[in-house]
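Here is a brisk report on one structure. Metal coordination and sheet packing are its topics.

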Amino acid sequence: MEPGSGAAPRILVVEDEAAISLLLTYNLEAEGYGVARAERGDDAEVMLAESTPDLVILDWMLPGVSGFELCRRMRAREATRDLPIIMLTARGEESERVRGLSIGADDYVVKPFSVPELMARVRSLLRRARPERIAGRLQAGELMLDRTARRVRRGERDIHLGPTEFRLLEHLMEKPGRVFSRAQLLDSVWGDAAEIDERTVDVHVGRLRKAIVRGRERDPLRTVRGAGYAFDETFGKA
Ligand code: CA
């Protein structure tokens, strides 16, 4: 995994037509997104159970599980309930489109589509869904993380973090209050290739805590027994 790639939005392309899938992958990668591909609905479902991307481009007619059914199942699962979904439909599938939007797809494009237009929709959906991905800074009370400069400050104090601690803090700060399991953190912060022991997460959270909390300062990281870790959503608000 490249340094800093933890912040690049990841997109899952579910499309059984190889030419379209390649076209999408090529253009999405050129825009700096991380791309995973599935040709079948059931394969996509397995991938989604393992890791949650930032956006899904979903073809409607798929072998295995249909795009419609996959969309419905994604909306029923906690981890993918708010995941932005753009569906791809063929001309003449107007009724499918209405059905798709009614079960929670966020947007659709009709094939053959214009690549720049689809890229614009991807950007706009990501911006709406994850404004924190775009914002250069994450701020909670006196704690500030600057993605662009890769700096962290608490009040007037500069905090020096290793790359893993930086990504860990960034990930937790993006969703204040949300509890991430160790497995989810390994997946999001360390990346797919991680065959790492879950206790590694505890070690890095420990280091992160030590760096950002001095003396009697308040600890913004919550350890949730048996569940994982969260950034305290009340931090800086009380
Ligand atoms: Ca298809």
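Over how many bridges do E6 and strand E7 pair, and is the sense parallel or antiparallel? E6 and strand E7 (residues 143-146) pair over four bridges, in the antiparallel sense. The model is predicted. Leu143 in E7 is the bridge partner of Ala140.

**The sheet**

These strands belong to an open sheet of four strands. The order is E6-E7-E8-E9, and the pairing is antiparallel. Strand E6 (137-140) and strand E9 (157-159) are the edge strands; each pairs on one side only. From one strand to the next, the twist averages 20°.

Two helices pack here.

| Helix | Strands touched or crossed | Angle |
|---|---|---|
| H7 (residues 163-174) | lies across E6, E7 and E8 (151-154) | about 115° to E7 |
| H9 (residues 199-212) | touches E7, E8 and E9 | about 165° with E9 |

**The calcium site**

The calcium ion has protein donors from Asp16 (OD), Asp59 (OD) and Met61 (O). They lie 2.1 to 2.3 Å from the ion. In sequence, the donor residues follow the spacing D-x42-D-x1-M. Asp16 sits in the loop between strand E1 (10-14) and helix H1 (18-30), and Met61 in the loop between strand E3 (55-59) and helix H3 (67-76), so the pair ties together parts that are 45 residues apart in sequence.

How accessible are these two residues? Asp16 counts as partly exposed because its relative accessibility is 33%, a value between the 20% and 50% cut-offs. Met61 has 52% relative accessibility, so Met61 counts as exposed; the cut-off is over 50%.

Conventions. Residues numbered from 1 in each chain as written. Predicted model: local features only at pLDDT ≥ 70, side-chain atom pairs only at ≥ 80, totals over all residues. Heavy atoms only, no water. Donors = N, O, S within 2.8 Å, 3.2 Å for Na, K, Ca; no water. Helix = DSSP H or I, 4+ residues; strand = E, 2+ residues; numbered from the N terminus. Buried < 20%, exposed > 50% of the residue type's maximum accessible area, 1.4 Å probe, protein only. Pairing = 2+ DSSP bridges. Axes fitted to C-alpha atoms, helices over the stretch in contact; angles between N-to-C directions. Contact = heavy atoms within 4.5 Å.
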